[in-house]
Amino acid sequence: MLDAIRTAVTRYVVMPSPATTDAVTLWIAATHAQPAWAHAPRLVIRGPERRCGKSRLLDVVEALSRDPLLTVNASAAAVYRSVSVDPPVILVDEADTIFGAKAEGNEDLRGLLNAGHQRNRPAVRYDAATNSVQHLETFAMAALAGIGQMPDTIEDRAIIVRMRRRAAGEDVATFRYKRDRQPLRAFATKLTNWLRADLKALERIEPEMPIEDRAADTWEPLVIVADHAGGDWPERARTAAKTLTQQASDDGQVSDRVRLLADCRTAFGVDTALSTAALLDRLKANPEAPWSEYGPNGLTAMRLGNILREYEIRSGNIRFPDGKQAKGYQRVDFNDAWKRYCPRALAAVPDATSGGDAVQAVPASFSQVRAGTP
């Protein structure tokens, strides 16, 4: 059954890798057993430009999924009222117009997509017409297609498909809605019958996962489907999970907050303390970092403090070797956050106590301010 889905996908779409094709195949199959899952994985289909096959892949996903609800630029209220106990599969094309720079946030829709990743996260709304409080279901699998990166809170709950424009010689069949959708819908019915017959058994399975934390939650339904199918699919599912999760980690698409933590590590180099002004200068000196354009005047001391305070890192009065006292940050106050949120950055930069050289990303011309006593 899964092999047939995979064949249908690759008939119409040039996929970026075999692991990605396996992931999309399993995601499609998982839509047919949503009541069995504890988490509803998102499928983010994105490309760097137009004509990379994003909408075509979404068409195929729509034709093969159970109870698809395909839309563009949907309002949060409409989506809320479309989700039920046995929800549809929400498919959003042109998602970059919803979450892009000119989209004014769409925080309600983003909140729904974030909350709906996990079961038992209802939205609560007051209905003035009936003078009552309503609890609205949010749990539903969703696929979003668009240009560029989606919000990090959505991609953190998603299997990410990075489409690319077809090269010469990469030929696929033309997809025509009237001609090709109906045969795929007939196959979708077979998928529903196959998986819905074993919903209770699927619900009880706790598979061995090759990954951890939220990534494991996201991939669990796909791995369960693969184990249920048997053959070589259990191994292929776990290979895809490890490969695509590692790609997401290597992509460097982290939140601004984590990016700031990692860049502070680089900015500190081997220093044990820095004045706030020196830290800001070093952060904004990196031409590949966003801090020089973070707001009208770049990253300010107040915004730096507000972000770092979320990680329990606070500035204080520090006396430096030249006798001057200034507001600044102690390196030791960052250590816990670096270990928890950016261990890769921690591994890339030598610790001040190891005797290693400062990372080369910090210009050698920077003054080396040494910590004083408070």
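C264 is buried, its relative accessible area being 0%, where buried stands for under 20% relative accessible area, exposed for over 50%, and partly exposed for what lies in between (1.4 Å probe, protein chains only). C52 is likewise counted as buried, at 5% relative accessibility. The model is a predicted one, in which local features need pLDDT of at least 70, side-chain atom pairs count only at pLDDT 80 or more, and totals for chains, interfaces and linings use all residues. Residues are numbered from 1 along each chain as its sequence is written, and side-chain values use heavy atoms, with hydrogens and water left out. A disulfide is a covalent bond between the sulfur atoms of two cysteines. With a disulfide taken as a pair of cysteine sulfur atoms within 2.5 Å, the count comes to 0 disulfides.

For the overall picture, the protein has 374 residues, of which 46% count as buried. Its secondary structure consists of 16 helices and 10 strands; helices (H or I, at least four residues) and strands (E, at least two) are DSSP runs, numbered from the N terminus. Among contacts with a separation of 6 or more, 72% are between residues 24 or more positions apart, a contact being heavy atoms within 4.5 Å.

Helix packing comes next. Two packed helices are described by the angle between their axes and the distance between the axes. Here the axes are lines fitted to C-alpha atoms, for helices over the stretch in contact, and the angles run from 0 to 180 degrees between N-to-C directions. Helix α2 (residues 18–30) and helix α10 (residues 213–229) have axes that come within 9 Å and cross at roughly 90°. This makes α2 roughly perpendicular to α10, on a scale where angles under 35 degrees count as roughly parallel, over 145 as roughly antiparallel, 65 to 115 as roughly perpendicular and the rest as oblique. On the α2 side the contact involves A23, L26, W27, A29 and A30, and on the α10 side W219, P221, L222, V225 and A226. By class, these residues are 10 nonpolar, no polar and no charged; Ala, Val, Leu, Ile, Met, Phe, Trp, Tyr, Cys and Pro count as nonpolar, Asp, Glu, Lys and Arg as charged, and the others, Gly among them, as polar.

Helix α2 also packs with helix α3 (residues 54–64), the two axes coming within 9 Å and crossing at roughly 35°. This crossing is right-handed, meaning that the near helix is turned clockwise from the far one by less than a right angle, whereas an anticlockwise turn would be left-handed. V24, W27 and I28 of α2 meet L57, V61 and L64 of α3, a set made up of 6 nonpolar, no polar and no charged residues. W27 thus takes part in the contact with α10 and in the contact with α3.

Helix α3 in turn packs with α8 at an angle of about 50°, their axes 7 Å apart, which makes α3 oblique to α8. E62, A63 and L64 of α3 are in contact here with R181, L184, R185, F187, A188 and L191 of α8. The residues of this contact comprise 6 nonpolar, no polar and 3 charged.

Two residues of α8 deserve a closer look. R181 lies in this helix and is buried, with a relative accessible area of 16%. Its C-alpha atom is separated by 8.5 Å from that of D59, 122 residues away along the chain. Apart from neighbours within four places in sequence, R181 contacts E62, A63, P68, F175 and R176. A186 is placed in helix α8 (residues 177–196) and is partly exposed, at a relative accessible area of 40%. From C-alpha to C-alpha, A186 and L64 are 8.5 Å apart in space and 122 residues apart in sequence.

Further along the chain, helix α13 (residues 276–285) has T276, A278, L279, L280, R282 and L283 as its buried residues. The elements covering them include α12 (256–268), β8 (273–275), α14 (301–309) and β10 (325–330).

Finally, two backbone angles are worth noting. Most residues other than glycine have a negative phi, and most peptide bonds are trans. D67, although not a glycine, has a positive phi of about 45°. D67 sits in the loop between α3 and β2 (68–72) and counts as partly exposed, at 38% relative accessibility. N120, also not a glycine, has a positive phi of about 65°. N120 is found in the loop between α6 (107–115) and β4 (123–127) and is exposed, with a relative accessible area of 63%.
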